Amino acid sequence: MLTRIGAAPWPEAVGPGVDPLGRGRRNVHSPNKRNPLRPEFVFVPMAVLALWTCVVLFYLGAKRVAAVRSRRLAPSDFRMGDSPAVPTELIVINRNLTNLLEMPVLFYVVCLSLYVTHLVVPGIVWLASVFTLLRMLHSLVQINTAWILRRLIVFASSNLVLLGLWIWFLARLL
């Protein structure tokens, strides 16, 4: 039997109802009256955000191809990502794509950590969904408008939700 240094032996079975941190039996993996939702539902907002990132990526690609086909830009203008010849419209979309590849990494990590440690509850799925919707709204505001203050409010709100997820995770873990 495997043991952790200075700790009790690992549980014989790790699965539904067994807490991998050794704090006793848990019943979070099977829906019940207290927790009517499966913990796997935390993957839904993660998948939606990943798909949204792909939508923005393909939108940027389509805009770049259209700019080259219309001869507004040369393919070499994208050799280093962007150049002074690239219009602001494409730079904004590219920046939004970069944003979707930065903070959401911490979102994916905390969601996976919550799932692996059997700490997913309905409130976590709700917060994860709010984060995803705020990131999508941020994309729409950044790409389609010049409302800097509104974009900042949505961006900051999504980061506060992410911070809340991490604080909740650490508070339950420790």
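What percentage of the 174 residues of the protein count as buried? In this predicted model, for which local features need pLDDT of at least 70 and side-chain atom pairs count only at pLDDT 80 or more, totals for chains, interfaces and linings use all residues. Residues are numbered from 1 along each chain as its sequence is written, and side-chain values use heavy atoms, with hydrogens and water left out. The buried share is 35% of the 174 residues, where buried denotes under 20% relative accessible area, exposed over 50%, and partly exposed the range in between (1.4 Å probe, protein chains only).

The protein contains five helices and zero strands, assigned as DSSP runs numbered from the N terminus (helices: H or I, at least four residues; strands: E, at least two). Along the sequence the pattern is accordingly written α-α-α-α-α. The accessible surface amounts to about 10600 Å², and carbon and sulfur atoms account for 69% of this area; accessible areas were obtained by the Shrake-Rupley method with a 1.4 Å probe, and for residues only the protein chains shown count as cover. Contacts were defined by heavy atoms within 4.5 Å. Among contacts between residues at least 6 apart in sequence, 68% join residues at least 24 apart.

Charged side chains were examined next. Side chains of opposite charge can pair when their charged atoms come close. A search of the whole structure yields three salt bridges, each requiring a side-chain nitrogen of Lys or Arg within 4 Å of a carboxyl oxygen of Asp or Glu. Lys63 pairs with Glu89 in one of them, with the closest N and O atoms 2.7 Å apart. Lys63 belongs to helix H1 (residues 43–69) and Glu89 to helix H2 (residues 88–100), so this salt bridge ties together parts that are 26 residues apart in sequence. Lys63 is partly exposed at 25% relative accessibility, and Glu89 is partly exposed at 39%. Another salt bridge joins Arg38 and Glu40, with an N to O distance of 3.4 Å. Arg38 has a relative accessible area of 40% and is partly exposed, while Glu40 is partly exposed at 25%. Arg95 and Glu102 also form a salt bridge, their closest N and O atoms lying 3.7 Å apart. Both partners are partly exposed, Arg95 with a relative accessible area of 40% and Glu102 with one of 39%.

Arg135, located in helix H4 (residues 122–144), is buried yet has no salt bridge. The nearest side chain of opposite charge is that of Glu102, at 6.5 Å; in this assignment Lys and Arg count as positive and Asp and Glu as negative, whereas His and the chain ends are not counted. The side chain of Arg135 instead reaches the backbone oxygen of Asn99 at 3.2 Å. This distance falls under the criterion for a polar contact, namely a pair of N or O atoms within 3.5 Å; within protein, one atom must be able to donate a hydrogen and the other to accept it, and residues adjacent in sequence count only if both atoms are side-chain atoms. With neighbours within four places in sequence left aside, Arg135 is in contact with Leu49, Trp52, Asn99, Leu100, Met103, Pro104, Phe155, Ser158 and Asn159.

On the surface, Phe41, Val44 and Val48 make a nonpolar patch of about 220 Å². Patches consist of residues with over 30% relative accessible area and no salt bridge, like charges being joined within 9 Å and nonpolar side chains (Val, Leu, Ile, Met, Phe, Trp, Tyr) within 5 Å. Val44 is found in helix H1 and is partly exposed, with a relative accessible area of 48%. Ile153, in helix H5 (residues 148–173), is partly exposed at 49% relative accessibility. The C-alpha atoms of Ile153 and Leu134 are 9.9 Å apart in space, the two residues being separated by 19 residues in sequence.

Backbone torsions were also considered. Most residues other than glycine have a negative phi, and most peptide bonds are trans. Arg71, which is not a glycine, has a positive phi of about 65°. Arg71 is situated in the loop between H1 and H2 and is exposed, with a relative accessible area of 77%. His118, likewise not a glycine, has a positive phi of about 60°. His118 is placed in the loop between helix H3 (103–116) and H4 and is buried, with a relative accessible area of 8%.
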